[in-house]
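These notebook entries record what I looked up in the structure shown below. I took the sheets, the domains and the chain contacts in turn.

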Protein chains: 4
Amino acid sequence: MNDSVIHIGIFGATGYTGAELVRWLARHRRAHIVFAHSESNAGAKLSDVLPVPFDLPLVAADDAPLHKVDVVFSCLPHGASASMCQRALEAGARVIDLSADFRLRSTSAYAQWYAHEHPAPHLLAEAVYGLPERYRTRIRNARLVANPGCYPTSIVLGVLPLLEAEALAEPLVIADSKSGVSGAGRKPTLSTHFVEVNESLAPYNIGHVHRHVPEIEQELSAVCGSAVKVWFSPHLLPISRGMLSMIYVRLTPEASCDHWQQRYAQRYAEEPFVRVLPQGQISTIAHAAHTNYAVISVHHVADLPGCLQIVSCIDNLVKGASGQAIQNMNLMFGFDETEGLQ
Amino acid sequence: MNDSVIHIGIFGATGYTGAELVRWLARHRRAHIVFAHSESNAGAKLSDVLPVPFDLPLVAADDAPLHKVDVVFSCLPHGASASMCQRALEAGARVIDLSADFRLRSTSAYAQWYAHEHPAPHLLAEAVYGLPERYRTRIRNARLVANPGCYPTSIVLGVLPLLEAEALAEPLVIADSKSGVSGAGRKPTLSTHFVEVNESLAPYNIGHVHRHVPEIEQELSAVCGSAVKVWFSPHLLPISRGMLSMIYVRLTPEASCDHWQQRYAQRYAEEPFVRVLPQGQISTIAHAAHTNYAVISVHHVADLPGCLQIVSCIDNLVKGASGQAIQNMNLMFGFDETEGLQ
Amino acid sequence: MNDSVIHIGIFGATGYTGAELVRWLARHRRAHIVFAHSESNAGAKLSDVLPVPFDLPLVAADDAPLHKVDVVFSCLPHGASASMCQRALEAGARVIDLSADFRLRSTSAYAQWYAHEHPAPHLLAEAVYGLPERYRTRIRNARLVANPGCYPTSIVLGVLPLLEAEALAEPLVIADSKSGVSGAGRKPTLSTHFVEVNESLAPYNIGHVHRHVPEIEQELSAVCGSAVKVWFSPHLLPISRGMLSMIYVRLTPEASCDHWQQRYAQRYAEEPFVRVLPQGQISTIAHAAHTNYAVISVHHVADLPGCLQIVSCIDNLVKGASGQAIQNMNLMFGFDETEGLQ
Amino acid sequence: MNDSVIHIGIFGATGYTGAELVRWLARHRRAHIVFAHSESNAGAKLSDVLPVPFDLPLVAADDAPLHKVDVVFSCLPHGASASMCQRALEAGARVIDLSADFRLRSTSAYAQWYAHEHPAPHLLAEAVYGLPERYRTRIRNARLVANPGCYPTSIVLGVLPLLEAEALAEPLVIADSKSGVSGAGRKPTLSTHFVEVNESLAPYNIGHVHRHVPEIEQELSAVCGSAVKVWFSPHLLPISRGMLSMIYVRLTPEASCDHWQQRYAQRYAEEPFVRVLPQGQISTIAHAAHTNYAVISVHHVADLPGCLQIVSCIDNLVKGASGQAIQNMNLMFGFDETEGLQ
């Protein structure tokens, strides 16, 4: 196991995922942050911009010493992220991109859903989708990892054992998902104003139009080997962090509901960051918040034959973003997969 | 229209629905509260027990002057409520019961779901289910109204136009519902402790086992004339009040999704307390909180033929309890249906 | 008592105070809204902009029919408000200004604290400070009412009986005040972003520099007839609405703490919107939220002779803004002072 | 520096401070939990009782292997805690008591404020008050550490540099403190019910009667060498964790306000867990939440000569309880003081 120290650069360090990355890396025994980037706050310290105890100086992109780092995390918005990732790769660093830029394998799907051409299509072929529970081996050797979206992480992990068992009676998964507000980013908008969010619950981008739909369907279909659709309804919760997906599926008639909890437990027994709750316990956001775990519970549905429901919770900033990014870094550099993440 | 004043008694005035009832009745020009009951706080004033500006004295049940009131609201728990309703009826009052005791028409279903025999089965035949949008005429003449549950109100109103149009492709409605904590009552429990609820989201009684399931299925089936099932998943939200049901249905293939928003708007055009939002707006809990409105939006689902989703929001304490109870009272006594409820 | 209907115009109807005004006026039996203004949303309806059930059309300032209204409420920001108030007065309407523009009697203090010259100094002499508990008679006859700030309302009402009794041992009041986020307005900023506010508590403008300081000191000094200072510390609470001021004062040694609760109760006995809690109860924001009441409790301090502390709570949007504005309107037009406000 | 592993026992592991202790110890490289105690949940695992990923078995007190541990943390309530601490000491373990039992040096003060005789008065003489910033040397050698209360920690650290400089003009500190709900414990009560707490702010035990008053005054007076009083007003905030004390003091006239920020910065320069913010920044609960830091800011008060105000924030569960307890353990066992606490 690697016991050296690696040198790290972060693009977009002053957003919520960037700050969360700094927070977790501070506990990682093999991580040394060489630079933290913020274009609008260059010259200030991270602790001037956020209520955190890290006096990291912030640098502009042009001043980022890319040649001095082993790995770059990009927490920039899609579109802007791809070109910075390309620069980092060209300087010899490995890259973990937390944006959506390298998640979709199809450039036409990317252009359709993100409304602009892909900024670096030549890199797509080598990008590895950074879900360790599916692609662990490929991640170890990747030069460029596309860190999964938060909703896709919770939903794909929530149905993976079913898909692998070819148990779906029809190629459709209904996912009613609810996310904390940090998922919407730190830029002030009316939809993230405290008074608008508080004491409410707001569905948004419902009706099969959210940008995570093609990402989820790509990954579900990859497992099945044939097209699987997701009927996906995101909601904005009045909490800061955490995400819950309530998943509704129908299984082939002969598949008994009774043993799925055990199947899930077996499938994830060796996974360091997936917990399957014992029968009778229900996963809640509190189970996952401030941790890198996906916490899953599986539920029989009385009197509705063939119906099964799964609750899948993560912290959108940790397993849904920065924690999973560090898990990928641990794999890429030969560290213990759980280093810095407990 | 009635311009007299009616005399009112309230059983269970110090819970959340009781207090909400007092709050709204204070604005009603024809309502005079004769007594407010609380067994455990008898002798105190309502303002000693709750942070409200009402100095109403609280009386024990045996001291409640039933013969002096025209109508009694019961906010007692199920089981306890039925016998007090019976006493009120025998004293000559009309009764609006906010508990579940008179909602199910079948005594065996009641015994199965509530785990005890029905306390007053002889009264079930005359009880009217107090959903004005379905039973307005019968409510006007009722002696005993069973005020609907909060989840059933949001779900039944959310699919009524579809059921009346016989548009369901299969007899199943999926309802993913989220409720504020006041729905769980004022008795302190670990599951309503601030720290347990806050910054989380907790599904509970999922898997077709919540007590509102038979009530919802009874009413959906009554509309259709045949059995309709509900796959119902309640969640506890970290907010005080309000409820959102995200409803997933499949329609017969020939039914176009496009015109359902208009059908809903037409169906509820004359309803004083149902708002159907224009296309492109999504109903949120903020739309309904602190009002007696059900606020509904209807949504096309791209690329998933036959699929339709509906968002139905209410305030669980108002349209889901005390406001609807006053709406029923207004009907029973010939007042303007909106009196005191704007 | 006036039983006619008055015609009302509202400038700035789509902010939190504007929307709250519409909400309360909808229950007022003598109020008819003739126009609601929003420059940026002109042409839309109020229900398109806010989750409210009011389909009021919104007009630009130049289209506002000022000659058709009896009274104008201005919910515009300071600076912008004064000139619109002037136009309304010139058109013959009476005006209630919810901004700070007419609260300070000194134009130099205004210029110092608000960093620009007063826009309409010739109107200051006739402006009446709209605190009914102090200036009820003058409000009845006013053409222009300066509706008090939220912090000043909670603090001035919290110490009025002490000042009138000349009981302060030194001319200093310490007020540690905490406000819900709606007080910061609806414009999105980082300091009102949900994630920044939630699960935190943030003091701001501490150290005798908040703009409400001169307003509070003006009113305290006016009662005393000599200068009184306020050591005022505002905090942003993670709630939508409501405000609590914890007030620390020292009394002349001979004044016993014991009877101040009674003195407060007597002073406010005839006030329809000030509640003084009985001894042993502590005022909380829940006592005042969604009501037009100031709720005050007075507390002995054991073993610290001469020390007294007072808790004064209001809803910043109601008694601290729109409710008090309607209370002033009721006085100006001869309605029952409580009309529409229960 | 010690690089061995120490063996740990925890009494009262299923409350909020107990669970927080387990969470932080899981990251500590020298800590091994030998037993976790819960009388009411003995036989279950910690993960059955709380939404945490720790499968620790819970044991009854009589089954706790006291002879196998180097140190015991007691998270039991006052009264019950002292006798368990005594048993642990007799078995040869060192003890860190998070209850109030060994904080007051006077048995008569204890009896007066806690309403029962001290359960183990013979141990008081050797108990060390576990505030490292004051008693670091004595803590290193202590057999029994009395871990400070949360309010006292925030207030004493907030004024320590002033007291050490003998700068108070009068022996009185006003502390307006606000705490998250976890400080009230996990036992369900009406005052911790979500709906009662949410969207409110509730002062409690005001008027110099809270049990932390004698603890605060003991420590302030010990620094000064003469009696100092605290006028202390706690409030319950609608957040889960975190605490802010706004402190008002008057300094001797000759002491300039201007340089206190620098004095604080110097005093705490070597302290690993006290941050003094630069001038112009204000400490908030977000600065301290989920960390072991006390975050302090010092503020000039314009136009009020001699007045100074200090904001002191901690996380009540970390620096105010379990984190500080681990900091004390690190001192007692010769570990790096920050081990496990970053």
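**Entry 1: the parallel sheet of chain A**

I began with a single bridge and noted that Tyr129(A) stands opposite Ala146(A) in S7(A). I worked throughout from a predicted model. Looking at the strands around this pair, I found that S6(A) is joined to strand S7 (residues 144-146) of chain A by 2 bridges, and that the two run parallel. I then traced the whole sheet: it is open, has 7 strands with parallel pairing, and follows the order S3-S2-S1-S4-S5-S7-S6 in chain A. Strand S3 (58-59) and strand S6 (128-129) of chain A are its edge strands, each pairing on one side only.

**Entry 2: the mixed sheet, read in chain B**

I turned to chain B for an open sheet of 7 strands with mixed pairing, whose order I recorded as S9-S10-S8-S11-S14-S13-S12. Its edges are strand S9 (202-203) and strand S12 (274-276) of chain B, each with pairing on one side only. I checked one edge further: S9(B) and strand S10 (residues 229-236) of chain B run antiparallel and are joined by 2 bridges. Within that pairing, I identified His235(B) of S10(B) as the bridge partner of Pro203(B).

**Entry 3: the two domains of chain A**

I next looked up the domain assignment of chain A, which gives domain 1 as 6-148 + 320-332 and domain 2 as 151-316. The C-alpha centres of the two domains lie 25 Å apart. I noted that 25 residues from domain 1 of chain A and 33 residues from domain 2 of chain A take part in the contact.

How much area is buried between domain 1 of chain A and domain 2 of chain A? I read about 2400 Å², with carbon and sulfur atoms giving 50% of it. In domain 1 of chain A, Tyr16(A), Trp113(A) and Glu133(A) lose the most area to domain 2 of chain A, together 28% of what that side buries.

For the polar side of this interface, I recorded 4 salt bridges between the two domains. I also looked up the salt bridge of Glu215(A) with Arg103(A), where the closest N and O atoms are 3.2 Å apart. The count of residue pairs in polar contact between the two domains of chain A is 18.

Helix H1 (16-25), helix H4 (107-114), helix H5 (132-140) and helix H11 (318-332) of chain A each supply at least two residues of the domain 1 side that touches domain 2. H11(A) gives the most to that side, with 5 residues. By class, I found 12 nonpolar, 6 polar and 7 charged residues on the side of domain 1 of chain A that touches domain 2.

**Entry 4: chain C against chain D**

I then examined chains C and D, where 46 residues of chain C are in contact with 46 residues of chain D. The buried area is about 3600 Å², of which carbon and sulfur atoms give 65%. Glu199(C), Trp231(C) and Tyr248(C) supply 19% of the area that chain C buries against chain D, more than any other three residues.

Which side chains meet in a salt bridge at 3.0 Å, N to O? I found Asp176(C) and Lys178(D). The interface of chain C and chain D has 4 salt bridges by the rule, and I recorded 26 residue pairs in polar contact between these chains.

Several elements of chain C each supply at least two residues of the side that touches chain D, among them strand S8 (172-179), strand S10 (229-236) and helix H10 (285-288). I closed with the classes on that side of chain C: 26 nonpolar, 12 polar and 8 charged residues.

Definitions and conventions:
Residues are numbered from 1 along each chain as its sequence is written. Chains are lettered from A and ligands numbered from 1 in the order in which they are written. This is a predicted model: local features need pLDDT of at least 70, side-chain atom pairs count only at pLDDT 80 or more; totals for chains, interfaces and linings use all residues. Side-chain values use heavy atoms; hydrogens and water are left out. Domain bounds come from an automatic or database domain assignment. Contact means heavy atoms within 4.5 Å. Buried area is the accessible area (1.4 Å probe) that two parts lose on being put together, summed over both. A polar contact is a pair of N or O atoms within 3.5 Å; within protein, one must be able to donate a hydrogen and the other to accept it, and residues adjacent in sequence count only if both atoms are side-chain atoms. Helices (H or I, at least four residues) and strands (E, at least two) are DSSP runs, numbered from the N terminus. Ala, Val, Leu, Ile, Met, Phe, Trp, Tyr, Cys and Pro count as nonpolar, Asp, Glu, Lys and Arg as charged, and the others, Gly among them, as polar. Two strands pair if DSSP finds at least two bridges between them.
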